[in-house]
Amino acid sequence: MAFQKHILCIGAGYVGGPTMAMIALKCPQYKVTVVDINPRRIAEWNSDLLPIYEPGLDDVVKTARGRNLFFNTDVEKGIQEADIIFVSVNTPTKTFGAGAGMAADLQYWEKTARQIRENSDSPKIIVEKSTLPVKTALAMERILTSDSKVPFEVLSNPEFLAEGTAIRDLENPDRVLIGSRETESGLKARAELVAVYANWVPKEKIITTNTWSSELSKLVSNAFLAQRVSSINAISALCERAEANVSEVSRAVGMDSRVGSKFLNASVGFGGSCFKKDILNMVYLCRFYGLSEVADYWEGVVKINEYQKERFVMNMLQAMFNTLAGKKICLFGFAFKADTGDTRESPAIFIAKRLCEERAHLMITDPKALDNAKTDLKGVVGDIEYVADPYTAASGCDAIAVMTEWKLYKELDYQKIYHSMVKPAFIFDGRNILNHQTLFDMGFNVFPIGKPPLTHFKRES
Ligand code: UDX
Ligand code: ADP
């Protein structure tokens, strides 16, 4: 069958893979090809064991793969036959030179732009999918148009999916944002991309802007979301001192419809590949433009997150009589959130490293993230074991620290776990997902986030 359009995506990661699978599912009239320089990743996309765990993804891939969805490593051929090219290669924070630790490292991006130019002999629409600093499209345009044989139009189309709910978010997005130049050719390219999404997204949810607003909106969306988490986490510290209950406070505050109730769960800290990276990127941009007050304001969101993680470790240390040396601590979860195996920037990495510095022995368990945990903690000096079964992991431990809000941790037999642990037994609930009173009644000393601890020790006089 002849396809109406050829869509290519460069980069088969957490963004590119699921997004293209959804486009292929919803648009059988298009041929969608996903390429990556990593042959192992591509082999996994072509197998029964996909490289990422995402609820619902297997079914979408199975339906479209081989029909109009293809994964391979032939980047050049992919470019040649494509009409629309999505770029979703990684853009990590720079680790060297100017802007190290803050700005985005654009080397993979620039390589891709040059590769597109070299292999194109028909006009193409290039779509930025990776989160990028504002004005990247301009740089992309300059690389593409210098010495090129064909016209290119560069669009910004940031991805707003959240891991763990990617399929739901892609199928029914709050909005699709498309930025373009407001020239005749820019508007034409914009309309072509709108037409792709209009196959399943209602027209009123597809919004269009100029390129720079679109690029900036992505950074600002993540900054606002992260800011809410840091705001409630900052309040959790106050609640612990003031004997207030952060869940009660967030419920009361969130019921104001101007504030809204989502993203107000106090936690051990936010993680994920986007929040910290995007905020620091924006902070760098503000400093570049001389807006130091604005930069400091947003940097505070990241600082509170670091503070929250450190505070969690200090609370553990203090509660367990100021020494963790030789104690066995079980981490329930290592992923940065539930329903994903992704551990990028997971607070569990920081906590695990700090607990090792305190010379605790770690038992780490997680239903999907143990392989990534092993990679993250490679080379860390300490006594660390990785155990799939949570009961085995907790047995013989002095404490459990909940790092990830996996549903399964709410449903465990804590009576059985209590009996298998060293006494006094502690639970530090970094996600406030457990029934604290019930655990206390079983004999546990319970330390939630932002709520008074429940302990069996006599109060200090
Ligand atoms: C985020 C954005 O939500 C998404 O729109 C964007 O495309 C990519 O970045 P993601 O990183 O997948 O998505 O996860 P998200 O659900 O936003 O959670 C980020 C972190 O914040 C997680 O560690 C989560 O546990 C934490 N969090 C979230 C809280 O601690 N409390 C909350 O109330 C909400
Ligand atoms: P994200 O979460 O943004 O999707 P990932 O790191 O999961 O980020 O995915 C990015 C993917 O891009 C990786 O699989 C990486 O191998 C791929 N990649 C990076 N540079 C190139 C390139 N020049 N050509 C093709 N793929 C690339």
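**Figure 1. The shell around ligand 2 in the predicted model.** Helix α5 gives the most to the shell around ligand 2, with three residues. The shell counts 21 residues, and Gly-11, Gly-13, Tyr-14, Val-15 and Val-89 come nearest to the ligand. By class, nine residues of this shell are nonpolar, nine are polar and three are charged.

**Figure 2. Helix α5 and its two sides.** Helix α5 runs from residue 107 to residue 118 and has 12 residues. From first C-alpha to last it reaches 17 Å, close to the 16 Å expected at 1.5 Å a residue. Trp-109, Thr-112, Ala-113, Ile-116 and Arg-117 are buried. These buried residues cover an arc of only 135° around the axis, which puts them on the same side of α5. Gln-107, Arg-114 and Glu-118 are exposed on the other side. What do the buried residues of α5 pack against? Their partners are three strands, β1 (5-10), β4 (84-87) and β5 (124-128), and two helices, α4 (75-81) and α6 (136-145).

**Figure 3. Helix α1, largely enclosed.** Helix α1 spans residues 16-26. Of its 11 residues, 10 are buried, so the rest of the structure largely encloses this helix. The buried residues of α1 are Gly-16, Gly-17, Pro-18, Thr-19, Met-20, Ala-21, Met-22, Ile-23, Ala-24 and Leu-25.

**Figure 4. Asn-72 in strand β3.** Strand β3 covers residues 69-72, and Asn-72 is found in it. Is Asn-72 buried or partly exposed? Asn-72 has 16 C-beta neighbours inside 10 Å; a residue needs 20 or more to be buried, so Asn-72 counts as partly exposed. Leaving out residues up to four places away in sequence, Asn-72 touches Thr-33, Val-35 and Ile-42. Glu-345 is 273 residues from Asn-72 in sequence. In space, the C-alpha atoms of Asn-72 and Glu-345 are 29 Å apart.

**Figure 5. Domain 1 against domain 2.** The domain assignment of the chain gives domain 1 (5-201) and domain 2 (210-461). Taken over C-alpha atoms, the centres of domain 1 and domain 2 are separated by 32 Å. Their contact takes 28 residues from domain 1 and 27 residues from domain 2. On the side of domain 1 that touches domain 2, α6 and β7 (176-180) each supply at least two residues. Strand β7 gives the most to that side, with four residues. The residues on this side of domain 1 divide into 15 nonpolar, eight polar and five charged.

**Figure 6. Ligand 1 between the domains.** Where does ligand 1 lie? Both domain 1 (5-201) and domain 2 (210-461) give residues to the shell around ligand 1, so the ligand lies between them. Of the 19 residues around ligand 1, those that come nearest are Asn-265, Ser-267, Phe-270, Gly-272 and Cys-274. Helix α9 (residues 211-242) gives the most to this shell, with three residues. The shell around ligand 1 holds 11 nonpolar, five polar and three charged residues.

**Figure 7. Helix α11 and what covers it.** Helix α11 takes in residues 275-288. At 1.5 Å a residue, its 14 residues should span 20 Å; the end C-alpha atoms are 20 Å apart, which agrees. The helix is mostly covered, with 11 of its 14 residues buried. The buried residues are Phe-275, Lys-276, Lys-277, Asp-278, Ile-279, Leu-280, Asn-281, Met-282, Val-283, Tyr-284 and Leu-285. Helices α9 and α12 (292-319) are among the elements that cover them. Just after α11, Gly-290 takes a positive phi of about 80°.

**Figure 8. Asn-435 in a loop.** Asn-435 has its place in the loop between β13 (426-429) and α17 (436-442). How many other C-beta atoms lie within 10 Å of Asn-435? There are 13, so Asn-435 is partly exposed. Asn-435 and Pro-448 are 13 residues apart in sequence. Their C-alpha atoms are 9.9 Å apart in space.

Technical notes:
Residues numbered from 1 in each chain as written. Chains lettered and ligands numbered in written order. Predicted model: local features only at pLDDT ≥ 70, side-chain atom pairs only at ≥ 80, totals over all residues. Expected span 1.5 Å × (residues − 1). Buried ≥ 20, exposed ≤ 12 C-beta atoms within 10 Å, placed from the backbone. Arc of directions from axis to C-beta. Contact = placed C-beta atoms within 7 Å. Near = placed C-beta within 6 Å. Nonpolar A, V, L, I, M, F, W, Y, C, P; charged D, E, K, R; others polar. Domains from an automatic or database assignment.
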